[in-house]
Amino acid sequence: MSSIDDLMTVCPLKQFIRENLWESYIEKLKKKSIKYLTLYCPPVMDVKHFYKRGYIELIDGVYRGVVGITNDPKVGESYTFSTSHGRFELFRVGLLHELLESGDRDLKGKFAFDAINLDYCNHLFGEDDTEYLSSNLKDIEIVITEQENKACEKFVLFITTRTDNNTKRKMGFAPGFLRDLSTRIVSNINSDGRFKTKYMEIFNNRPPISIVKLNFRTFISLGLVKLILMLLWDHDFVINNYNAYWLIRNEKPPERDLLHIAIFATNIKPRKVEKLKQYGTSKYKKEDATIILDKIIDKEIVYVTEKADKIKLQQKYSEYLESLNSETFDLTIPKPIK
Ligand SMILES: C[S@@+](CC[C@H](N)C(=O)[O-])C[C@H]1O[C@@H](n2cnc3c(N)ncnc32)[C@H](O)[C@@H]1O
């Protein structure tokens, strides 16, 4: 297992995110069992946790409605041959957007999902993404498209991105991406008075480009949600609810900051227009974004850090994590062919 996979098994901060952010959003769906798309990580702690909480069914050794993707061929190899208890309904090796673009019918056929968990470990659009679009953003766009194609009415979308931005070590977001986010925030300020008033209240009239330096974390959470919001609009979804949790790994340098975004998206039903004047006046596009500012004002954005919270959370979760890790899923590594 990779070091990330090991960490997922024992990390109490991650369990805090599973329980307090993801689970609370899954609960909003008010469904007995969910269809779940996730990035596969061998200890499958997220799947086991949601199973324990009754959101996922395990029938004849298969977690029903669960689809897992890994971009790591080595991890994938051991899974593909697996017949173990606790398998997924579908498992794929590759990048989500490439699999879907290549016309993977089985994968397409599994859409729409109730919950999609893109729990990446890198930057959403990093310094290394030299193309016009990053691989992770392509994934996000294509899953939203598939959700729309299947006339999905509501779903929860979880996105994780690293956000530490060490320009000296050339680790962080691509500069062009940060400029793009800033432009999006400016356009929201210019087009929506309510957003503008709240923005000015929080940032003392400073333009977005200056808050990049002053308060990078707030800037990035605002900009990213604005971008994902706009992506959702393109496919007739609006944000019904949103929150952001930060997981700060600051025990050992270099510090790694991980932003976990949870979005409850709903499909917009066409409005009933009764007067000529109402054509072309849809307001939904402008109003959603203030949710983000309200969360900042109401201090609802949550931070958990290794230095401040790890011991306390370890006491709370270590036993549960141990039992979760030792349950069901047990990979059968195929014997080499002689
Ligand atoms: C953070 S872990 C997932 C943890 C899981 N959500 C949990 O709660 O236990 C992310 C996993 O996805 C894999 N991964 C990273 N980027 C990926 C990508 N672009 N596509 C598919 N898998 C990816 C990593 O190898 C890693 O095993």
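Two residues count as in contact here if their C-beta atoms, placed from the backbone, lie within 7 Å. With that in hand, here's a quick tour of this predicted model: a chain with 14 helices and nine strands, plus a ligand with 20 residues around it.

**Helix 2 against helix 14**
- On the helix 2 side, Pro12, Leu13, Gln15 and Phe16 make the contact; they meet Glu306, Asp309, Lys310, Leu313, Gln314, Lys316, Tyr317, Ser318 and Leu321 of helix 14.
- That contact is a mixed bag: six nonpolar residues, three polar and four charged.
- The axes of helix 2 (residues 12–28) and helix 14 (residues 306–326) sit 7 Å apart and cross at about 75 degrees, so the two helices are roughly perpendicular.

**Around the ligand**
- Closest to the ligand are Leu39, Cys41, Asp46, Asn71 and Asp119.
- Helix 1 (3–10) gives the largest share of the shell, with three residues.
- Other elements that each chip in at least two residues include helix 2, strand 1 (36–39), helix 3 (45–52), strand 3 (62–70) and strand 5 (115–119).
- By type, the shell breaks down into ten nonpolar, four polar and six charged residues.

**The chain overall**
- The radius of gyration is 21 Å, which agrees with the value near 20 Å for a compact globule of 338 residues.
- Along its principal axes, the C-alpha trace runs to about 70 × 50 × 40 Å.
- Buried residues make up 35% of the 338 in the chain.
- Take the contacts between residues at least 6 apart in sequence, and 76% of them link residues at least 24 apart.

Note on methods
Residues numbered from 1 in each chain as written. Predicted model: local features only at pLDDT ≥ 70, side-chain atom pairs only at ≥ 80, totals over all residues. Axes fitted to C-alpha atoms, helices over the stretch in contact; angles between N-to-C directions. Helix = DSSP H or I, 4+ residues; strand = E, 2+ residues; numbered from the N terminus. Parallel < 35°, antiparallel > 145°, perpendicular 65-115°, else oblique. Nonpolar A, V, L, I, M, F, W, Y, C, P; charged D, E, K, R; others polar. Rg over C-alpha atoms; globule rule 2.2 N^0.38 Å. Buried ≥ 20, exposed ≤ 12 C-beta atoms within 10 Å, placed from the backbone. Near = placed C-beta within 6 Å.
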